[in-house]
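Subject: Structure for you to look at

Hello,

Here is the structure I promised to pass on. Please open it first, then read my notes beside it.

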Amino acid sequence: MQDIILLLQSPEAWIALVTLIVMEVVLGIDNLIFISILTNKLPENQRERARRIGIGLALVMRLGLLGTVAWIVQLTTPVFTIFDHGFSWKDMILIAGGLFLVWKATKEIHHNVDPVDHKEDMVGGGAAINNFASAIGQILLLDLVFSIDSIITAVGMTPHLPIMIVAVIVAVTVMLVAATPLANFIEKNPTIVMLALAFLLMIGTTLIAEGMGFHVPKGYIYAAMAFSALVEVLNMFARRKRKKDASTGVASH
């Protein structure tokens, strides 16, 4: 209890907490995009429940992983070397998660581009996703990849476990609040789906590169995502204006 009181009185602790919360929220964007696309494949009456359960279980898993911080930090120790590059368990987890994202995003992009010929969907193996447990499992699988990466980063920013726990709880709460509005927005705007899938493809490629030892600054990734999203928003406004002009008989210029 004394340690908690000392942390509350420390400006450095508050700065570390705010920084970690921002980092966790930003990293959670990747997860939210995947969760939105994944759960939108479920029957409508199961979507919000799947998001809540998936994100809730992800919170439990993250808190459990924080309890094994000492073990997680050891995941950065190389276990074998190929072409003078040491691969750790963290690297292999990032590569596996990246390949998973690339495969899922590519498969769904194929489905969106050629839905008649492509009978399979992003999840489920042979039909549109209707397996509730499968959706939850895949949400947790991807969250595991992002969690390990973010926890290792958090350990480098602060040694205080309570700060990490509070940051994770706040960030996951933000995800829980934002999940349904984001999913509804993506569903109502079909062109956003393709943009979101392109984001997942880029994120998956970045994870593979990180696992192979090539550091890609996260700022570049999120700047590219923000710029692309801004362009798409402008396109949406332009399309709506053309539709409005067409319905009112106003000639377009």
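Start at Glu232, which sits in helix H9 (residues 218–248). The model is a predicted one, so please keep that in mind for everything below.

Is Glu232 buried or exposed? Glu232 is buried, and its relative accessible area is 11%. Buried here means under 20%, so 11% falls on that side of the cut-off. Set aside the neighbours within four places in sequence, and Glu232 is in contact with Thr191, Ile192, Leu195 and Arg239. Take Ile192 from that list. Ile192 and Glu232 are 40 residues apart along the chain, yet their C-alpha atoms are separated by 7.5 Å. Now take Arg239. The side chains of Glu232 and Arg239 form a salt bridge, at 3.0 Å from N to O. Arg239 is partly exposed, with a relative accessible area of 29%.

Salt bridges

How many salt bridges does a search of the whole structure find? The search finds 3. You have just met one of them, between Glu232 and Arg239.

Another joins Arg52 and Glu48. Their closest N and O atoms are 2.7 Å apart. Both residues belong to helix H3. They are 4 residues apart, which is about one turn of the helix. Arg52 is exposed, at a relative accessible area of 53%. Glu48 is partly exposed, at 35%.

Arg62 and Asp143 make a salt bridge too. Here the closest N and O atoms are 2.9 Å apart. Arg62 is in helix H3 and Asp143 is in helix H6 (residues 132–157), so this pair ties together parts that are 81 residues apart in sequence. Arg62 and Asp143 are both buried.

Helix H3 against helix H7

Two packed helices are described by the angle between their axes and the distance between the axes. Try that on H3 (residues 44–66) and H7 (residues 161–188). The angle is about 160 degrees, and the axes are 10 Å apart. H3 is therefore roughly antiparallel to H7. The cut-off for that word is an angle over 145 degrees. The crossing of H3 and H7 is right-handed.

Which residues make this contact? On the H3 side they include Arg47, Ile55, Leu59 and Leu63. Glu48, Arg52 and Arg62 are also among the H3 residues in the contact. You know these three from the salt bridges: Arg52 pairs with Glu48, and Arg62 pairs with Asp143. On the H7 side, the residues include Met164, Val168, Val172, Leu176 and Ala183. By class, the contact of H3 with H7 has 14 nonpolar, 1 polar and 6 charged residues.

Helix H7 against helix H8

H7 also meets helix H8 (residues 190–211). Their axes come within 5 Å and cross at roughly 115 degrees. That makes H7 roughly perpendicular to H8. From H7, the residues that meet H8 are Phe185, Ile186 and Lys188. From H8, they are Pro190, Ile192 and Val193. This contact divides into 5 nonpolar, no polar and 1 charged residues. Notice Ile192 in H8. Ile192 is also one of the residues in contact with Glu232.

Ser36

Look next at Ser36, in helix H2 (residues 11–39). Ser36 is buried, with a relative accessible area of 1%. What does Ser36 touch, leaving aside its neighbours within four places in sequence? Ser36 is in contact with Ala179, Leu182, Ala183 and Ile186. Two of these names should look familiar. Ala183 takes part in the contact of H7 with H3, and Ile186 takes part in the contact of H7 with H8. Ser36 and Arg51 are 15 residues apart in sequence, and their C-alpha atoms are 8.0 Å apart.

The whole chain

Now step back. The protein chain has 9 helices and 2 strands. Read along the sequence, they follow the pattern α-α-α-α-β-β-α-α-α-α-α. The chain has 253 residues, and buried residues make up 41% of them. Consider the contacts with a separation of 6 or more. Residues 24 or more positions apart account for 77% of those. The salt bridge of Arg62 with Asp143 joins parts that are 81 residues apart.

Best wishes

Notes
Residues are numbered from 1 along each chain as its sequence is written. This is a predicted model: local features need pLDDT of at least 70, side-chain atom pairs count only at pLDDT 80 or more; totals for chains, interfaces and linings use all residues. Side-chain values use heavy atoms; hydrogens and water are left out. Axes are lines fitted to C-alpha atoms, for helices over the stretch in contact, and angles run from 0 to 180 degrees between N-to-C directions. Angles under 35 degrees count as roughly parallel, over 145 as roughly antiparallel, 65 to 115 as roughly perpendicular and the rest as oblique. A crossing is left-handed if the near helix is turned anticlockwise from the far one by less than a right angle, and right-handed if clockwise. Contact means heavy atoms within 4.5 Å. Ala, Val, Leu, Ile, Met, Phe, Trp, Tyr, Cys and Pro count as nonpolar, Asp, Glu, Lys and Arg as charged, and the others, Gly among them, as polar. A salt bridge is a side-chain nitrogen of Lys or Arg within 4 Å of a carboxyl oxygen of Asp or Glu. Buried means under 20% relative accessible area, exposed over 50%, partly exposed in between (1.4 Å probe, protein chains only).
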